[in-house]
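Work through the exercises below with the coordinates open beside you, and attempt each task before reading its solution.

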Amino acid sequence: MRLIAITLPEMTPGEDERIVSMLSSHTFWRVHIRKPDTSAGSLRQLLDRLPTWCHPQLVLHDHFELCHHYTLGGIHLNHRNPDIPHDLTDALSSAHHSAALGQSRPSFTVSCSCHSFDEVRERKAAMDYLFLSPIFDSISKQGYLSQFSIESLQNAAKEGLINGKVFALGGVTQAKLPLLHELGFGGAAMLGAAWQDLETQSAL
């Protein structure tokens, strides 16, 4: 299963070193940079602290214009940024056309978050991958509880709705990965479990 780490929403001391460690150890396939209240300038500073080999494995949730200045892995659509910017559409079309011809796999991806099976049905075809959440009770968001029973997830997998393009999000830990694999998820995204000790250290 492919694993994705999602950053803490605030800038956190030591997170650049942690991102390098996550990617250099091949523990995580990608790191999603999600910092909704951070300026483009602050995001630039974070990106500049990271070695350039990390950049193609980073996905932005905000300030998509930075994709023109760094060789990043993709963008993640959300309620703040629900659409692909027009100035990125041509590049995406070209990459996917080349992939369809067998020339290369698109290196720049578009993903999104879904919170229901209906959203997955509606959006999966247009996305390179997507998150379905919350699968388990959240570690990082108090009161953000699971919305899916194991039976409903099993039925969605039998239907083919959950497949390799769908990543589980919400309360994901290493111990739960075998169950998620059995349920047919292509991967999982972690927030709380990926950063728990770093967050504790920064609060000391």
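Three exercises follow, each with a worked solution.

This is a predicted model, in which local features need pLDDT of at least 70 and side-chain atom pairs count only at pLDDT 80 or more, while totals for chains, interfaces and linings use all residues. Residues are numbered from 1 along each chain as its sequence is written, and side-chain values use heavy atoms, with hydrogens and water left out.

**Exercise 1. Describe the fold and the core.**

Step 1. Assign the secondary structure, taking helices (H or I, at least four residues) and strands (E, at least two) as DSSP runs numbered from the N terminus; the protein chain then has seven helices and eight strands.

Step 2. Classify the 204 residues by relative accessible area (buried under 20%, exposed over 50%, partly exposed in between, with a 1.4 Å probe and protein chains only), which gives 45% buried.

Step 3. Find the largest nonpolar core, where a core is a set of buried Ala, Val, Leu, Ile, Met, Phe, Trp, Tyr and Cys residues joined through side-chain atoms within 4.5 Å. This core holds 61 residues, and those with the most contacts inside it are Leu58, Leu132, Ile135, Leu153, Leu180 and Phe185.

Step 4. Inspect Leu132, counting a contact when heavy atoms lie within 4.5 Å; leaving aside residues up to four places away in sequence, its partners include Cys114, Phe148, Leu153 and Phe185.

**Exercise 2. Characterise the largest pocket.**

Step 1. Compute its volume, which is about 440 Å³. A pocket here is an open set of points on a 1 Å grid over the protein atoms alone where a 1.4 Å probe fits, with protein on both sides within 12 Å along at least five of seven lines, and its lining residues have an atom within 4 Å of a point.

Step 2. List the lining: of its 25 residues, Arg34, Ser113, His115, Lys141 and Leu169 are the closest to the centre.

Step 3. Locate contributing elements, among them strand 8 (187-190) and helix 7 (192-203), each of which supplies at least two lining residues.

**Exercise 3. Examine the backbone at three loop positions.**

Step 1. Which residues does a cis peptide bond join? The bond lies between Ser133 and Pro134, with omega about -5 degrees, and Pro134 sits in the loop between strand 6 (129-132) and helix 5 (150-159).

Step 2. Take His26, in the loop between helix 1 (15-24) and strand 2 (30-33): its phi is near 65 degrees, a positive value in a residue other than glycine. His26 counts as exposed because its relative accessible area is 68%.

Step 3. Treat His63 likewise: its phi is near 55 degrees, and its relative accessible area of 23% makes His63 partly exposed.

Conventions:
Grid points are joined across faces, edges and corners, and a volume is the space filled by probe spheres set on the points.
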